[in-house]
Structure formats: structure tokens, C-alpha cells
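Colleague: I'm new to this one, and I'd like to learn how to read it. Could you take me through a few features?

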Amino acid sequence: MVCLAACTPASAHSLLVEAESFTNLGGWVVDQQFADVMGSPYLLAHGLGTPVADATTSVIFPALGTYRVWVRTKDWTAPRPEHAGSFRVVVAGTELPVVFGTEGQGWLWQDGGQIQVTSLSTLLRLRDLTGFEGRCDALFFTTDTNFVPPNSPAVLDDWRREQLGLPAVPPSAGSYDLVVVGGGVAGTAAAIAAARQGLKVALIHDRPWLGGNASQEIRVSTLGVTGNRIVPEINSISHPNGSDQAIADDLRRHQVVQNETNIHPFFEWRAFRVQTNEGRILSLDARHNRTGLERRFTAPLFIDSTGDGWIGYWAGATYRVGRESQLEFAESLAPPTPDNMRLGSSLLWNSRNTGTPVSFPPVPWATNVAKDYFATRGEWFWEYGLTADTIYDAEEIRDHLFKAIYGTWWNVKQSPTYANHEISWMGYVAGKRESRRLVGDYILSEADVRNPPGFPDAVVTEKRDIDLHYPEGGKYDFITYAQYTKINSYWIPFRCLYSTNIGNLMMAGRCLSASHVGLGSPRVMNTCGQMGVATGTAAALCKRYNTLPRGVYQNHISELQAMLGITPPPPQPTNFVVILDNMATNQGVTVTGSWTLSTSDSGYYGTNYMHDGNTAKGAKSVRFTPNLPCRADYEVYLRWTQSSNRSTNTPVDIISLAGTNTVVVNQTIKGGQWNLLGTYPFALGSLGSVLLRTSGTSGYVIADAVAFVPAFTLDPQFSGDPWKDDDGDGICNYVEYLNGTDPGDAASFLKVELNVQSGVATLGFIAQGGRAYAIQYRDSLAGGSWLTLTNLPASDLTREVRLPDSSAMAHPSRFYRLSASSAP
């Protein structure tokens with residue numbers, strides 16, 4: 001029990017009793033989830049409307065005499081006058097006259113008046129009066145009747161430590177190969193994976209049950225791809241949200257961990273600070289929720305699976321919160337401008353028919369939230385806090401959901417049909433979806449999920465929809481709706497699972513490195529469990545090779561993938577010059593005939609795809625005409641969504657400098673990815689195209705997107721985005737680099753065209769005033785001398801130049817080089 005006699009001031013006697021340390025909790029429960037914000041775990045009277053049994057404990061007073069009593073509590077329904085969470089304190093059998101949980105707003109010390117202590121050994125009781133979430137943090141007794149304990153968080157923490165006699169440096173908990181903080185599915189999987197590789201692992205978890213949102217305290221069924229290792233051992237057996245089956249799942253999960261002799265579990269221990277040096281975590285301090293004992297954990301590696309990213313936050317790791325703008329990651333599902341909106345938190349609940357009448361008291365402090373909402377159980381869409389801070393406003397978010405549930409149940413109980421019904425279970429630990437996201441060497445975004453690039457360091461796979469939530473609107477502010485965007489399978493790179501600036505920190509779970517939209521799919525528990533397996537296994541490689549997580553990515557990623565049983569996905573193109581989506585009808589896409597927009601099947605590029613309705617064959621087509629920055633060879637890729645009702649023989653014409661080449665594609669397979677049609681030579685500009693036809697097809701023809709990728713190697717000296725036009729002069733950055741012009745200056749440009757007519761190649765460009773030009777050629781990029789075609793002297797005028805080369809067509813290929821003098 002955490003209580004200590006102290007002298008404050010020197011002539012006074014005092015006793016601080018932490019409520020969570022009571023020997024017998026009775027019907028009260030320990031609520032630790034807001035300790036990092038309000039300062040401590042506390043006791044909660046979670047009685048579902050029926051007063052809970054008393055919590056009791058014995059204490060030893062330092063001396064007999066007169067003491068003033070202070071109780072740190074909160075009137076959680078303030079400023080309403082009903083004081084739903086009221087309770088009393090009983091000292092040595094005498095009930096204090098003050099009713100607690102009835103004053104002010106927020107956490108505060110409520111004055112309990114003076115008592116006479118006539119026996120050093122005294123029994124204390126907390127007596128709940130309502131069953132409606134009364135809460136008690138601590139009791140303080142002092143013979144200095146004028147002393148008021150501090151309440152501001154910074155001062156309170158130091159004062160509390162002094163009262164409890166806690167040392168500045170906690171005793172050592174020992175040294176470990178790996179410390180994992182957070183025992184959700186992700187953290188548990190990480191600990192198991194590392195332990196099975198022979199690492200000594202400390203698993204620190206602030207609740208009595210593992211599983212996080214899957215535990216019996218929250219009861220969310222696990223979703224997502226499990227992978228082929230560990231996650232199926234510890235996730236949920238399929239059951240509805242809120243099911244009692246979560247209790248059996250907890251027992252099975254704990255047994256798996258207990259069977260791992262290399263795991264040292266610390267249940268009901270909450271990490272509260274870290275020690276760092278030069279971008280690395282040296283050690284971590286944790287405190288037991290009930291006893292207040294503190295210990296220091298030392299290790300070369302740490303995994304943050306707290307969900308809220310607390311370990312990274314304390315260590316100074318770079319992190320993100322809220323939604324990014326559409327422009328930052330080119331995300332169509334992001335808002336136009338960034339904001340602080342995020343996914344909210346939920347409380348699940350159930351009811352049952354008892355067979356006999358059950359009363360339920362009026363709850364005016366709750367019906368003003370629930371309004372006339374009517375339901376007999378809660379689901380995921382009972383969600384609140386999307387526009388609040390899900391870390392620092394977390395208690396208020398949870399409490400608002402309490403009010404929504406109790407108010408709804410009052411509405412239900414007004415119906416005679418439900419006279420025999422009662423709330424059978426309700427969570428009090430909030431199920432969170434999003435808060436901090438720690439930044440890694442790569443940030444997963446919408447494009448990575450919808451159009452997977454084929455990461456060389458892929459370690460986690462998923463195929464679940466992008467699932468973004470929004471307030472329903474109207475009078476029920478605790479109800480949300482989900483926007484689902486279908487996708488195909490994708491991979492998460494290992495670079496998303498370690499901190500970009502804290503060298504020995506990895507993260508597994510919803511605090512991975514992702515944008516808000518990028519988090520929309522992989523945040524579910526099975527997927528997070530895969531992250532745990534990947535990071536726990538990577539920790540073993542870190543020890544084996546005396547390296548850090550980034551070193552695993554750089555030097556041992558193939559070994560990590562082999563240990564995970566992963567076959568890396570085939571590479572997908574990344575250096576796109578032009579992507580033409582089916583919706584770009586004013587930017588190079590010409591549609592002939594009647595096509596239907598659809599999102600029915602996943603894997604499409606952009607916001608949708610088109611199909612021909614399997615009608616009017618031969619009369620429908622889609623032409624994709626790119627505006628290419630230079631004459632060169634380009635790889636041409638086509639994308640479609642697959643289904644069994646698709647055409648197996650869709651003709652695609654590639655019109656290039658090589659003429660018209662037709663490729664027939666089978667759209668029942670290889671959907672949701674870029675499929676290479678071949679490599680073709682294209683002229684500068686929009687002289688070439690790709691024509692998707694319906695002639696001779698049976699089945700639906702899909703028109704989604706076409707992409708062009710350079711089939712040549714870029715100069716390694718170039719840096720930046722090659723195919724963007726930063727200065728808006730119509731010339732992309734890479735061509736300006738080749739031309740020797742300034743990609744940041746719209747007045748500095750050189751645009752070159754090459755046309756072939758009647759066997760003569762004609763080179764055209766705009767010569768800038770004040771510049772002299774040397775035009776050279778050779779017939780192979782592999783080597784050989786550059787030969788002079790002509791030299792142009794400088795002129796005061798900017799002029800158009802046309803240079804014929806009648807010998808060019810006698811060679812399989814010819815390359816030209818323009819050199820320009822510096823402007824005077």
C-alpha cells in the first residue's frame with residue numbers, strides 16, 4: 001500500500017494514502033489510463049448505476065491528534081448539479097459528513113473537514129453513493145489544518161514523490177536485451193518474437209490483462225491479416241465486439257506469454273519517463289499501479305507499443321498528430337488543409353434480460369447527451385473525440401461516452417418491453433484508434449496503400465479497406481460513420497517501424513510511421529501484431545550483429561524477411577514520368593462511347609475506374625495521351641481491377657515512334673497493380689498514346705490508368721523531383737538539368753523537339769538571347785565521340801531554331817547534345 005507518514009511542515013504530521021493502493025478494492029476498479037495527464041491512477045466506482053461495494057484499507061497514522069482531511073477527486077458531471085459520481089469517506093467507522101465528488105470542475109483537492117485520530121492503526125473506507133463512476137485519487141491527512149495540498153500537475157508530482165519518499169533514481173529492475181512497453185497484441189507479439197530468438201525481454205504493461213483493445217476490459221474483436229507467425233496464437237477467436245469470449249481469449253493469451261521463459265512480464269506497471277543520451281534511450285522508469293513501487297529498466301533496444309507513443313514522446317522522437325493536407329502526400333482522401341482531427345475512441349457495452357424487473361434511476365446529466373437515442377448495445381460507431389485531443393482530453397472523451405450510454409439506457413428503460421433488462425457489461429477503458437504517430441525513415445501514405453510500390457524492406461502485409469471515421473452530425477455527437485476505400489494487398493516497409501531520430505527505438509502498433517490516411521488500414525490489431533513480430537525479430541538481428549534498427553534495414557533486411565517467412569513483393573515502378581487516370585479527361589484521356597464509373601472492386605488508381613458495361617463491343621475505347629518531357633524510351637504500364645467477369649482478351653494499342661504495337665491483356669488477373677506492357681520509343685510531347693479497345697472482347701473491359709516510366713538511367717548527380725516543373729515554364733526539372741537551365745527560374749528554359757518527316761530528322765528548340773549553342777550528336781549512349789552538327793553564335797534576340805539532320809535515319813538510334821554558353 002502506498003501511504004507514508006511525513007512532516008509538512010516540520011512541526012506537523014501528515015499521511016498520504018493513494019486510493020489505488022487500498023488493500024481491498026471492493027467493487028471499485030483501478031483506472032490508470034489517464035495517469036500521464038492527471039498525475040496518478042485512481043479508483044473508479046464503475047457500478048453501472050448500482051453503488052459498488054466499499055473499498056477498504058488499514059493505515060498507520062504517525063501520531064494521534066486532530067487532522068484535516070483532503071480528498072483528491074473530480075465531479076465528472078460538473079457543472080450539472082446532480083454530482084453523479086459522489087461518495088463518502090469512512091475513517092475508523094465514522095462516516096465523514098462531507099460528500100465528495102461534488103465540487104468544482106476537473107481534478108482537485110476537496111476539503112473533508114477535521115477528524116480526531118484516536119488510534120494509530122485505522123481502517124479507511126470509500127463508500128460509493130451512486131454507482132455512476134465516482135472517482136478518488138488520494139486521501140491526505142495533515143495536522144497542519146491550514147495546509148492545502150498542491151494541485152497543479154508539475155508541483156503535485158514533486159510533492160507527491162516527497163510525501164511518498166520515492167527516490168530520484170529508482171532501484172534497478174535489471175538489464176535486458178529488449179524492453180517492450182505496451183502489452184496489446186502488437187507489444188505481446190513483439191515480446192514473444194524476441195524471446196523465441198533467445199533475447200531476455202521485459203514486457204511492461206499497465207493493465208492486468210494483455211491484448212489492449214482485444215482484452216476483456218475493451219473487447220474489440222481483432223481484424224486484419226494475421227501473417228503466419230505468433231499473431232494467431234494471441235489474437236481473438238472470432239466473436240462480435242463486446243463478447244464475453246474476450247475473457248477466454250485473455251486466459252489463452254496469458255498462457256502463451258507465461259510459457260516463454262525469456263519474457264519477464266511486469267503487469268500493472270506503467271512507464272512514466274525515459275533517460276536518453278545523444279539520440280538513444282539509455283533506460284526507462286516504470287511504476288506499479290497499485291503499490292507505487294518504481295524500477296529502472298536498462299536495455300540497448302526499446303519497442304514502443306503504448307499506442308499513444310509515450311516512449312518516443314519522452315525520448316524526443318519526431319511524431320505527428322492529426323490530418324495532413326492533400327498536397328503533403330498527394331492524398332485524395334486527405335482534407336485540403338491540415339487539421340487536428342483524428343480517429344476517436346469508443347466504449348462497448350451490452351445488455352441482457354434478467355427475467356425479473358430491474359430499475360434504473362433518472363440520469364438527467366446523461367440524457368442531455370443521449371437525447372432520445374435508443375439502443376440496447378454499443379458498437380464501434382459509438383465513438384467520440386474526433387475533434388478533441390485523444391491524449392490530453394482522453395478522460396473527458398471517455399466520460400462523454402459514459403453519459404451517452406447511461407442516457408441511452410434511461411431511454412430504453414422507459415419502454416415496458418425492457419422492464420427486465422439491465423446493462424450486463426460496459427467498458428471503462430477507452431478503445432483508442434489514433435493519437436501520436438512516431439515518424440520513421442518512411443511515412444506510409446495513401447499511395448503506398450492504394451498503389452503499393454513494392455518495398456524492398458516489406459515486413460507486414462494487409463488488404464483491409466482504408467477506414468476513416470467522421471462525425472455523423474446532427475444531434476447525436478457520439479455516433480460516427482466510416483468511409484471505406486477498397487484496396488488490394490499492400491506491404492508496410494520496416495522503415496515505418498523504427499524512429500527516424502531515436503536510434504534504438506522501434507514502434508509497433510498504431511503509433512507506426514504513417515500519415516492519417518495511411519493509418520486508416522493498418523491500425524487494426526492483427527496487422528499491428530505483425531508489426532510486433534517484425535520488430536521483435538529485428539531486435540534479435542540487432543543483437544546478433546551489434547547494430548541498430550536502421551542497420552537492419554541497410555544491411556540485414558533479407559535475413560529479417562527470411563526469418564519472418566516473407567517473400568518480398570515484386571518491385572513496382574516508382575519513377576513515374578506521367579500517370580494518366582481515367583478521370584483525367586481534360587488532361588490527355590479521350591473516352592469514346594458510354595463508360596460507367598465504379599468503385600465496386602478494389603485496387604483502382606485514384607478515386608474510381610471505368611468499365612464498358614460489357615456492351616457495344618468495338619464501339620467503345622479510351623485513349624491515354626501523355627505529354628512526355630523528352631524523346632526517349634519509356635516503359636508503359638497499365639492498371640485495372642480484376643474480377644472473374646472481366647475480359648480475358650482486352651486489346652491495348654501502344655502508338656509510338658515504333659508504330660502501333662498491340663498487347664492483349666487478361667483483366668481477370670493481376671488487378672490492383674501496375675502491369676508492364678513493354679518498352680517503346682516516344683517523341684517529345686503528345687505524339688504518342690495508348691488506346692484501350694473493346695473490339696472482340698467478351699466480359700467487362702476496365703479502363704483505370706496508364707503510366708509511363710523512363711527506360712533510361714537518370715544522372716546520379718541530379719537531386720529533386722525529376723518530372724515536376726517547379727518553376728512552371730513547361731519544362732520539367734530533369735530536362736532543365738540536362739539543358740543546363742535553372743529549374744527554379746521560369747525565365748530560364750530550353751525546350752527541345754525532334755520531328756521526323758520524309759526521312760529527315762529535324763531538331764527544334766528555342767534559343768535564348770545572349771547564348772551561343774553547340775549542337776552535337778552520336779549514335780550510342782554507351783560511348784563514342786560527340787560529333788558536331790552545328791554551332792550557333794549568340795544573338796541579341798530569342799529565336800526559334802530548326803536544324804535538319806538528313807543522315808539520322810540511316811542509323812538505328814541517334815542522340816543529341818546541346819551545350820549553351822552562360823548568359824552575359
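Colleague: How many cavities of 30 Å³ or more does a search of the whole structure find?

Modeller: A quick note before that: this is a predicted model, where local features need pLDDT of at least 70, side-chain atom pairs count only at pLDDT 80 or more, and totals for chains, interfaces and linings use all residues. Residues are numbered from 1 along each chain as its sequence is written, and side-chain values use heavy atoms, with hydrogens and water left out. A cavity is a set of points on a 1 Å grid over the protein atoms alone where a 1.4 Å probe fits but cannot get out, and lining residues have an atom within 4 Å of a point. Grid points are joined across faces, edges and corners, and a volume is the space filled by probe spheres set on them. Here the search finds 2 cavities of that size, and the largest holds about 160 Å³ of space.

Colleague: Which residues lie nearest the centre of the largest cavity?

Modeller: Glu18, Glu20, Ser40, Arg160 and Arg287 do, out of 16 lining residues. Helix H2 (153-164) and strand S17 (280-288) are the elements that give two or more residues to that lining, and H2 gives the most, with 4. Helices (H or I, at least four residues) and strands (E, at least two) are DSSP runs, numbered from the N terminus.

Colleague: What lines the second largest cavity?

Modeller: That cavity has a volume of about 50 Å³, and its lining includes Gln33, Phe34, Arg270, Trp310 and Lys432.

Colleague: Is helix H3 enclosed or open, and why?

Modeller: Count its buried residues (under 20% relative accessible area, with a 1.4 Å probe and protein chains only). In H3, 11 of 12 are buried, so the helix is largely enclosed by the rest of the structure. Among them are Val185, Thr188 and Ile192. Just after H3, glycine 198 has a positive phi of about 95 degrees.

Colleague: And the sheet: in what order do the strands of the open sheet run?

Modeller: Two strands pair if DSSP finds at least two bridges between them. The order of these 4 strands is S12-S18-S17-S16, with mixed pairing. S12 (172-175) and S16 (269-277) are the edge strands, each pairing on one side only. S12 and S18 (residues 294-298) pair in the parallel sense over 3 bridges, and serine 175 stands opposite threonine 298 in S18.

Methods: 1 Å grid on protein atoms, 1.4 Å probe; cavity = no way out; pocket = protein on both sides within 12 Å on 5 of 7 lines; lining within 4 Å. Buried < 20%, exposed > 50% of the residue type's maximum accessible area, 1.4 Å probe, protein only.
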